[in-house]
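Trainee: I should like to learn how to read individual features of a structural model. May we take them one at a time?

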Amino acid sequence: MKENVSAQLINGQQIAKSIRNHIRIQVKRLDFKPGLAVIQIGTDSASTVYVNHKQKDCERVGFHSEVIRLPSNTLQEKVIDLIQQLNLSKHIHGILVQMPMPNHIDEQIVIDSILPQKDADGLGTVNLGNLLIGQERVLPCTPGGILRLIEETKIELAGKRVVCVGRSRLVGKPIGLLMLNRHATVTFCHSRTMDLGLETKEADILVVAIGKPKFITPKMVKSGAIVIDVGINRIGNSLIGDIDFKTVSKVAGFITPVPGGVGPMTRAILLENTLKLATTQFETL
Ligand code: NDP
């Protein structure tokens with residue numbers, strides 16, 4: 001049955017495909033293969049799926065890829081030893097450790113053992129710091145993907161009100177900084193925000209990353225707003241976003257679906273980052 005959708009769909013699947021095609025063409029022109037190493041610690045099934053996707057994406061664009069799977073009880077020092085070897089490898093230009101890592105591991109210490117010049121996820125302190133000071137080098141993949149989805153609408157970002165619901169290091173904070181760097185007026189909301197609906201209703205661009213299925217309802221959304229749904233919630237065999245897509249799409253101007261919105265873009269930006277790391281000399285990284 002056809003749903004009565006009034007918002008324009010921003011198709012992450014399609015945009016990601018065109019990014020991959022562009023990367024494939026660029027790789028063919030190189031006399032080497034950009035290389036991505038992905039480390040998975042433990043056997044979390046969702047992580048296994050994500051890592052497999054990343055490996056397949058590498059094959060699609062002609063990258064060299066290495067997947068290293070470690071048992072869940074691997075000591076932090078062992079992970080760092082491995083990263084230090086990969087830091088030295090001539091075949092590897094990007095390194096990523098799949099998150100979440102087991103509880104005994106300090107994620108930021110592990111990520112910061114990756115050379116900033118090989119930080120494919122853009123989540124090391126150096127790359128996040130560069131983002132903070134407005135010198136964008138390697139963007140965190142999900143926020144980088146969200147930016148591209150928003151750019152697809154051709155909206156002028158300067159002066160727009162952006163509301164980020166969620167303030168994680170992975171999504172909320174960096175997307176807010178990306179928007180601020182483009183002169184938007186940014187509000188960060190989180191679990192202690194007093195009247196969330198009041199804040200979200202003001203947003204020209206609403207980015208939601210909280211991990212709560214269908215949490216955002218039409219009465220929380222400004223008419224015509226750009227609504228980006230980052231949430232991935234597994235309900236049975238389905239993936240559900242943080243936005244109540246069916247009802248919010250009748251109010252929003254643009255909306256991303258789940259699946260097929262932010263997820264594929266996150267993977268596409270990882271490829272783009274790896275190519276960038278393989279082909280750019282970063283003097284200040
Ligand atoms: P985190 O758990 O790290 O952060 C969640 C954020 O949501 C926190 O800032 C939290 O506030 C806030 N929050 C939780 N409940 C509420 C509430 N009721 N009202 C307002 N804010 C609330 O999650 P992530 O940022 O890592 O991920 C968020 C979602 O995005 C998840 O569903 C995840 O699976 C998905 N995701 C999707 C990706 C993709 O590629 N599509 C990539 C990464 C994540 P506080 O800080 O106060 O606790």
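Mentor: Let us begin with accessibility. The model is a predicted one. A residue is called exposed when its relative accessible area is over 50%. His-183 is exposed because its relative accessible area is 60%. His-183 is found in the loop between H7 and strand S6 (185-189).

Trainee: What is notable about phi of His-183?

Mentor: Phi of His-183 is near 70°, which is a positive value in a residue other than glycine. Lys-214 also deserves a look: phi is near 55° there, again positive in a residue other than glycine.

Trainee: Where is the place of Lys-214, and is Lys-214 exposed or partly exposed?

Mentor: Lys-214 has its place in the loop between S7 and S8. Partly exposed covers the range between the buried limit of 20% and the exposed limit of 50%. Lys-214 is therefore counted as partly exposed, at 48% relative accessibility.

Trainee: How should Lys-222 be read, and in which loop is its place?

Mentor: The loop between strand S7 (205-208) and strand S8 (226-229) holds Lys-222. Lys-222 counts as partly exposed because its relative accessibility is 32%. Setting aside neighbours within four places in sequence, Lys-222 is in contact with Thr-200, Lys-201, Glu-202, Ala-203, Asp-204 and Val-251. For a long-range reference, the C-alpha atoms of Lys-222 and Val-61 are separated by 39 Å, and the two residues are 161 apart along the chain.

Trainee: Thr-200 is among those contacts of Lys-222. Is Thr-200 buried or exposed?

Mentor: Thr-200 is buried, because its relative accessible area is 0%. Its place is in helix H8 (residues 196-200). Not counting residues up to four places away in sequence, Thr-200 touches Val-163, Val-165, Leu-206, Met-220 and Lys-222.

Trainee: Which backbone oxygens lie by a polar atom of the side chain of Thr-200?

Mentor: To read a polar contact, one looks for a pair of N or O atoms within 3.5 Å. A polar atom of the Thr-200 side chain lies 2.7 Å from the backbone oxygen of Met-220. The backbone oxygen of Gly-197 lies 3.1 Å from a polar atom of that Thr-200 side chain.

Trainee: Now to strands. With which strands does S7 pair?

Mentor: One reads pairing from the bridges and their sense. S7 pairs in the parallel sense with strand S5 (residues 161-165) over four bridges. S7 and S8 likewise pair in the parallel sense, over four bridges. Ile-205 in S7 serves as a register marker: Val-162 stands opposite Ile-205, and Ile-205 stands opposite Ile-226 in S8.

Trainee: Are the faces of S7 covered or open?

Mentor: Both faces of S7 are covered. Ile-205 and Val-207 on one side, and Leu-206 and Val-208 on the other, are all buried.

Trainee: How many residues of helix H6 are buried?

Mentor: For a helix, one counts the buried residues and then asks what they pack against. Helix H6 (residues 141-151) is mostly covered, with nine of its 11 residues buried. Among them are Cys-141, Pro-143, Ile-146, Leu-149 and Ile-150. The buried residues of H6 pack against helix H1 (12-28), helix H7 (172-181), S7, S8 and H10.

Trainee: Which peptide bonds are cis?

Mentor: The omega angle is what one reads here. A cis peptide bond joins Met-99 and Pro-100, with omega about 5°; Pro-100 lies in the loop between strand S4 (94-97) and helix H4 (107-112). Another cis peptide bond joins Val-258 and Pro-259, with omega about -5°. Pro-259 lies in the loop between strand S11 (254-255) and H10.

Trainee: Finally, which residues come nearest to the ligand?

Mentor: One starts from the surrounding shell. Of the 21 residues around the ligand, Arg-167, Ser-168, Ser-191, Ile-232 and Thr-266 come nearest. By class, the shell has 10 nonpolar, nine polar and two charged residues. Helix H10 (residues 262-279) gives the largest share of the shell, three residues.

Trainee: Which atoms of the ligand are placed by polar atoms of the protein?

Mentor: A nitrogen atom of the ligand is 3.4 Å from an N or O atom in the side chain of Lys-212. An oxygen atom of the ligand is 3.0 Å from a polar backbone atom of Ile-232. For Thr-266, an N or O atom of the side chain is 2.8 Å from an oxygen atom of the ligand. As for cover, the protein takes up 71% of the 930 Å² of accessible area that the ligand has on its own.

Notes
Residues are numbered from 1 along each chain as its sequence is written. This is a predicted model: local features need pLDDT of at least 70, side-chain atom pairs count only at pLDDT 80 or more; totals for chains, interfaces and linings use all residues. Side-chain values use heavy atoms; hydrogens and water are left out. A residue is near a molecule or strand if one of its heavy atoms lies within 4 Å of it. A polar contact is a pair of N or O atoms within 3.5 Å; within protein, one must be able to donate a hydrogen and the other to accept it, and residues adjacent in sequence count only if both atoms are side-chain atoms. Accessible areas come from the Shrake-Rupley method with a 1.4 Å probe; for residues, only the protein chains shown count as cover. Helices (H or I, at least four residues) and strands (E, at least two) are DSSP runs, numbered from the N terminus. Ala, Val, Leu, Ile, Met, Phe, Trp, Tyr, Cys and Pro count as nonpolar, Asp, Glu, Lys and Arg as charged, and the others, Gly among them, as polar. Buried means under 20% relative accessible area, exposed over 50%, partly exposed in between (1.4 Å probe, protein chains only). Contact means heavy atoms within 4.5 Å. Two strands pair if DSSP finds at least two bridges between them.
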